[in-house]
Amino acid sequence: MTFEQFVAAQGAPLLRLAFVLTGDRHLAEDLAQTALADAYRHWRKVTAAQDPPAYVRRMLVNAHLSWRRRRSSTERPTDLPDTAADRAAGPGDALAERDQLRMLLAGLAPRARTVLVLRYYADLDDAAIAEAMGVSASAVRATASRALASLRTTALAETAQEAP
Amino acid sequence: MSTPTEQQLRELFAADAAGAPDPGGLAALTLHRVRRRRRVRTTAATGLIAAVVVVGGVAAVRGDAGPGGGPGPSVVADCSFAVWFEGTMYVAEALVRPPAAPVAELGEAEVASCNDTGPLPGGVARPETPRRVTASAYPGYGPEQVLTVADPDGVLALLSADLPREQRLPILAALQQAGAEWAAATD
């Protein structure tokens, strides 16, 4: 398998994962290119891995979390992310709920949000998420549980505030 | 809103993924990035070697030495090329086509030294004895946004590290596009 063949097969899913993780087109492209450039530099290791796509996905997740750590002190999201651009795609109430859910997700810690994306978008089991993030499966379960609880608590609090 | 369910998360992420950027050209852009970083590192390493020679020469004249009389600290060249110009740091983002018409020379910039790995500004430092290069303007952008520095293979475009994110990202994308076009023209 050549690098070009790998990107032809895996580039789109990696870019989609990067977009869901970052919520920003430019950052997603930058993140996917960063992970693939790392993969290119370590191409022998990638092709020798048992599951090359998972190996590169781990590079992408690590790069994402590393970026978030470095940028969190200087950059704060002020608007809805680019992923909120699907407003015209469905009924207003559902889209409003999605926007609210995006805002709730943006309030989570980067690791918590990443766990949810890997679990509910990439459909990875806890062992695979643990492998991608370099943590234990029990840490993944605990993080996911806390993240879901946090989302529900915040949503309930906001609903209570909106009530007349 | 209602309390978020796992199904809602699945639907949200799937909807978001549908709006992801087009992956066309991803391999070419990635390979260009790898080549650009190699060129940039080569340029940075050349500058560092020059700086080390200068500093080493000064140290030798002063009789300085590391512990036990051996050499001083070693240097690892693994940063993006960066310069300081009028108090602002600019980081190399793309090797682009030299402008067809002469552009304004802005003055001398100081080449940053390298302290660790990675493309972010945290990896570079302002040396006490910097190498100096001529900074020029880049058509279409102000000197507070982008500078250029001559390079044997083209022109290095450097983006200000002080720009806010909303200004930086579109300029970065434009520079990377210009770099990809120049790489395609020179390959």
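**Figure 1. Salt bridges across the predicted model.** Over all chains, the structure holds eight salt bridges. The model is predicted. Two of these close-ups follow: one inside chain A, in helix 2, and one joining A:R102 to B:D16.

**Figure 2. A salt bridge within helix 2 of chain A.** A:R41 pairs with A:D38 in a salt bridge. Their closest N and O atoms are 2.8 Å apart. Both residues belong to helix 2 of chain A, which spans residues 25-41. A:R41 and A:D38 are three residues apart, about one turn of the helix.

**Figure 3. The interface of chain B and chain A.** Chain A brings 46 residues to the contact, and chain B brings 38. About 4000 Å² is buried between the two chains. Carbon and sulfur atoms give 65% of that area.

**Figure 4. Salt bridges and polar contacts between the chains.** Two salt bridges are counted between chain B and chain A. A:R102 forms a salt bridge with B:D16. Here the closest N and O atoms are 2.5 Å apart. Four residue pairs are in polar contact across the interface, with both residues of each pair at pLDDT 80 or more.

**Figure 5. The side of chain B that touches chain A.** Three helices of chain B each supply at least two residues to this side: helix 1, helix 2 (26-62) and helix 3 (165-186). Helix 1 gives the most, with 11 residues. By class, this side of chain B has 21 nonpolar, seven polar and 10 charged residues.

**Figure 6. Helix 6 of chain A crossing helix 1 of chain B.** Helix 6 of chain A covers residues 110-120, and helix 1 of chain B covers residues 6-18. Their axes come within 9 Å and cross at roughly 85 degrees. The two helices are therefore roughly perpendicular. From helix 6 of chain A, the contact uses A:L116, A:V117, A:R119 and A:Y120. From helix 1 of chain B, it uses B:E6, B:L9, B:R10 and B:F13. Five residues of this helix contact are nonpolar and three are charged. No polar residues take part in the contact of these two helices.

Methods:
Residues are numbered from 1 along each chain as its sequence is written. Chains are lettered from A and ligands numbered from 1 in the order in which they are written. This is a predicted model: local features need pLDDT of at least 70, side-chain atom pairs count only at pLDDT 80 or more; totals for chains, interfaces and linings use all residues. Side-chain values use heavy atoms; hydrogens and water are left out. Axes are lines fitted to C-alpha atoms, for helices over the stretch in contact, and angles run from 0 to 180 degrees between N-to-C directions. Helices (H or I, at least four residues) and strands (E, at least two) are DSSP runs, numbered from the N terminus. Angles under 35 degrees count as roughly parallel, over 145 as roughly antiparallel, 65 to 115 as roughly perpendicular and the rest as oblique. Contact means heavy atoms within 4.5 Å. Ala, Val, Leu, Ile, Met, Phe, Trp, Tyr, Cys and Pro count as nonpolar, Asp, Glu, Lys and Arg as charged, and the others, Gly among them, as polar. Buried area is the accessible area (1.4 Å probe) that two parts lose on being put together, summed over both. A salt bridge is a side-chain nitrogen of Lys or Arg within 4 Å of a carboxyl oxygen of Asp or Glu. A polar contact is a pair of N or O atoms within 3.5 Å; within protein, one must be able to donate a hydrogen and the other to accept it, and residues adjacent in sequence count only if both atoms are side-chain atoms.
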